[in-house]
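Me: I'm new to reading protein models, and I'd love a close look at one part of this one. Could you take me through it slowly?

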Amino acid sequence: GIDLGSGARPSGLGLTGPLPAEIGLLTEARKLCFNGNTITGTLPSGLGSLRNLVRLNLRQNSLTGTLPYEMGHIRLKDLYLDGGNMLEGSIPQSYCNLATSKDAFPLAAFVLTDNTGLCGLVP
């Protein structure tokens with residue numbers, strides 16, 4: 001298998017297709033940077049299992065669907081989902097936890113621009 005150490009940075013490598021549900025098994029990952037690829041489909045709810053994750057960069061892909069409720073319970077400091085993604089629906093109330101959790105870092109970046117189908121309050 002692939003040893004991702006503390007994270008994965010396959011930015012701009014031409015990755016295509018959906019993120020596998022098994023991404024939730026990368027429990028020690030702190031940073032996942034898959035920006036600049038052609039990742040499609042929805043964000044797997046398994047991302048909510050990545051309790052050590054502080055940076056998720058999926059900008060400039062082709063993601064669709066809604067934001068998983070489960071992601072609002074992790075320690076994200078930076079979340080980038082802009083630039084070509086077409087997410088829709090309401091921003092889950094759980095995402096307010098990203099900005100207020102005592103166990104989390106202060107939320108530094110929460111970028112959702114270009115996802116015109118999203119609505120709701122941004123933490």
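How many salt bridges does the structure hold?

Reply: Happy to walk you through it! Please keep in mind that this is a predicted model. The structure holds two salt bridges. Some background helps here: side chains with opposite charges can pair when their charged atoms come close.

Let's begin with R55 and D78. These two residues form a salt bridge, and their closest N and O atoms are 3.1 Å apart. R55 belongs to strand β5 (residues 55-57), while D78 belongs to strand β7 (residues 78-80), so this pair ties together parts that are 23 residues apart in sequence. Now look at how much of each partner is accessible. R55 has a relative accessibility of 25%, so it counts as partly exposed. D78 has 11%, and because buried means under 20%, D78 counts as buried.

Next, find D82 and R59. Here the salt bridge has its closest N and O atoms 3.0 Å apart. D82 sits in the loop between β7 and β8, and R59 sits in the loop between β5 and β6, so this pair also ties together parts that are 23 residues apart in sequence. D82 is buried, at 10% relative accessibility, whereas R59 is partly exposed, with a relative accessible area of 25%.

From these loops you can move on to the strands β6 and β8. Strand β6 (residues 62-65) and strand β8 (residues 86-90) run parallel and are joined by two bridges. If you want one spot to zoom in on, try G65, whose bridge partner in β8 is L87.

Both strands are part of an open sheet of five strands, with the order β2-β4-β6-β8-β10 and parallel pairing. At the edges stand β2 (16-18) and β10 (117-119); each has a single partner strand, so one side of each is left without a neighbour in the sheet. On average, neighbouring strands of this sheet are turned by 25 degrees against each other, with direction ignored.

One last stop is N37, in the loop between β3 (31-33) and β4 (38-41). N37 counts as buried, with 7% relative accessibility. Its side chain reaches the backbone nitrogen of L15 at 2.9 Å.

To retrace the tour, start from the salt bridge of R55 with D78, go on to the one of D82 with R59, and then follow β6 and β8 into the sheet. Enjoy exploring!

Key. Residues are numbered from 1 along each chain as its sequence is written. This is a predicted model: local features need pLDDT of at least 70, side-chain atom pairs count only at pLDDT 80 or more; totals for chains, interfaces and linings use all residues. Side-chain values use heavy atoms; hydrogens and water are left out. Helices (H or I, at least four residues) and strands (E, at least two) are DSSP runs, numbered from the N terminus. Buried means under 20% relative accessible area, exposed over 50%, partly exposed in between (1.4 Å probe, protein chains only). A polar contact is a pair of N or O atoms within 3.5 Å; within protein, one must be able to donate a hydrogen and the other to accept it, and residues adjacent in sequence count only if both atoms are side-chain atoms. Two strands pair if DSSP finds at least two bridges between them. Axes are lines fitted to C-alpha atoms, for helices over the stretch in contact, and angles run from 0 to 180 degrees between N-to-C directions. A salt bridge is a side-chain nitrogen of Lys or Arg within 4 Å of a carboxyl oxygen of Asp or Glu.
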